[in-house]
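I sat down with this one and a cup of coffee, and kept notes as I went. Here is the structure I had open.

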Amino acid sequence: IKILQVRNIDSFVESRRQKTSEKDRKTVQSILNDVKRNGDSAVKKYERKFNGRQTSQLRVNAKEIKEARSKISREEVTALQAMSARLRNSSPKIQIRGSSKFVPIPSVGCYIPGGQARYPSSVVMSVIPAKIAGVKRIVVVSPPSRDGKIDPLTIVAAKMCGATEIYKVGGGQAIGALAYGTKSIPKVDKIVGPGGKFVSIAKSLVSDQTAIDMVAGPTELGIIADASSNPELVALDLISQAEHSKDTMCFVITQSKTVAKQIQKSIEKLISDTERSSIIKESISKNGFIAVCKNENEMIELANKFAPEHMELMVKNAKTLSKKITGAGLLLIGKNTPSPASDYLLGTNHILPTNGFGRTRGGLSVLDFLKLQTVVESKKSALSN
């Protein structure tokens, strides 16, 4: 991981933030155009191209759901139930005032990443708030693995949380199907959920005619550290996030070159013993950095302008500092609040804004599945006046 001295904050943020290439944008646009014109046949073509499997049926049927249930343990079911309960209990309670009321969006599509890893937790984070909001049609799409099947735990989580349909499709073609509709996959009113760069680009491109929650692309973790931080804990938290994909961005902000070097050494020491070490090495070397700032004000400004998805404050004055950090999608205070705990256990939603959008919105919630309906009625006398 590179140690970089911060000199100009705006240019530093601009140079480090991940950008969408024109080539990737054109590739995704061509996929969306094909799906819009050719529906199921285009979706199946891209599933075959990207996953190497011929898919005859896109929707997960009752037999496949039953088979998935037989493949997961009681412990896994209990974990999903505990996660769901915590999220339900922490969801905001909606109050109705005056002549405005909240009404649920009729249909939503929840994108669940898959392929290299399984993310049943993302099912919980997207389907539960939609169910609480009262959405009638909740569609889950997730890319199948090489055997043409979705991870069993993802299927069981989807049914347990209240999904009405599950489809074996991922990438830009899944977003296109949800946005435009095909014979097998009727279109939805809004698309939510995290995904890789093609999914993020596709969501952005279809947003002129189908609502989306946010740009929730490859995960990001920033950590503010000082002399009181444990370099090994900082390194472990960075590694736990960097293992998601090669496009993950993990970084540290500090005032101390000594602390920066200690963290750098800890990362180098720990990476080799991790299960997904090749992904972590590429992610950390390509996108990771340790920024050394002159003072606390510069650290705060850099953190707020970078506005990462997750921001951990592993410093002595974490609570005081937290009042000045406004840009992060999720703020994690102190050494005992690592980002993996927020992903699964703490009741917060882990579908969060990336690429600087934390400056303007927070994580996914019940509010994303509701619209404010305003109602007005005028009397003839009032209209005359």
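These are my notebook entries on what I looked up.

**Entry 1: the kind of model.** I remind myself that this is a predicted model.

**Entry 2: the open sheet.** I began with the strand order, and I read an open sheet of five strands, β5-β4-β3-β6-β7, with parallel pairing. Which strands stand at the edges? They are β5 and β7 (211-212), and each has a single partner strand, so one side of each is left without a neighbour in the sheet. On the β5 end, I found four bridges joining β4 (residues 137-142) to β5 in parallel. Ser-142 stands opposite Lys-168 of β5 there. On the β7 end, β6 (residues 190-192) pairs with β7 over two bridges, again in the parallel sense. Ile-191 has Ile-212 in β7 as its bridge partner.

**Entry 3: the faces of β5.** Next I asked whether the residues on the two faces of strand β5 (residues 165-168) are buried or exposed. Both faces are covered: Glu-165 and Tyr-167 are buried on one side, and Ile-166 and Lys-168 are buried on the other.

**Entry 4: aromatic pairs.** How many aromatic pairs are there? I get five. One of them is Tyr-46 with Phe-50, stacked at 6.2 Å centre to centre with 15° between the planes. Both rings belong to helix α3 (residues 40-51), four residues apart, about one turn of the helix. Tyr-46 is buried at 9% relative accessible area, whereas Phe-50 is partly exposed at 36%. I then turned to Phe-251 and Phe-289, a stacked pair at 4.9 Å centre to centre and 5° between the planes. Phe-251 lies in strand β9 (residues 249-254) and Phe-289 in strand β10 (residues 289-292), so this pair ties together parts 38 residues apart in sequence. Phe-251 is buried, with 0% relative accessible area, and Phe-289 is buried with 0% as well.

**Entry 5: a ring cluster and a charge.** Following the ring pairs, I arrived at a cluster of Phe-12, Phe-251, Phe-289 and Phe-306. The charged end of Arg-17 sits over the ring of Phe-306, 5.4 Å from the ring centre.

**Entry 6: salt bridges.** My search of the whole structure gave 18 salt bridges. Among them, Asp-10 and Lys-305 meet at 2.8 Å, N to O. Where are these two in the chain? Asp-10 is in helix α1 (residues 9-16) and Lys-305 is in helix α13 (residues 296-306), 295 residues apart, so I noted a link between distant parts of the chain. Lys-305 also meets Glu-301 in a salt bridge, at 3.0 Å, N to O. Glu-301 and Lys-305 are four residues apart in helix α13, about one helical turn. I therefore wrote down Asp-10, Glu-301 and Lys-305 as a network of salt bridges. The relative accessible areas are 47% for Asp-10, 34% for Glu-301 and 26% for Lys-305, and each of these residues counts as partly exposed.

**Entry 7: around Leu-367.** I finished with the loop between α15 (339-344) and β13 (370-374), where Leu-367 has its place. Leu-367 is partly exposed, with a relative accessible area of 44%. Together with Phe-102 and Leu-372, Leu-367 forms a nonpolar patch on the surface, with about 260 Å² of accessible area in total. I also looked up Asp-368, whose side chain meets that of Arg-361 in a salt bridge (3.0 Å, N to O). Asp-368 is buried at 9% relative accessible area, while Arg-361 is partly exposed at 22%.

Key
Residues numbered from 1 in each chain as written. Predicted model: local features only at pLDDT ≥ 70, side-chain atom pairs only at ≥ 80, totals over all residues. Heavy atoms only, no water. Patch = residues over 30% accessible without salt bridge, like charges linked within 9 Å, V, L, I, M, F, W, Y side chains within 5 Å. Areas by Shrake-Rupley, 256 points an atom, 1.4 Å probe, with all protein chains shown as cover. Salt bridge = Lys/Arg side-chain N within 4 Å of Asp/Glu carboxyl O. Buried < 20%, exposed > 50% of the residue type's maximum accessible area, 1.4 Å probe, protein only. Phe/Tyr/Trp six-rings, centres within 6.5 Å; stacked < 30°, edge-to-face > 60°. Lys NZ or Arg CZ within 6 Å of the ring centre and 35° of its normal. Pairing = 2+ DSSP bridges.
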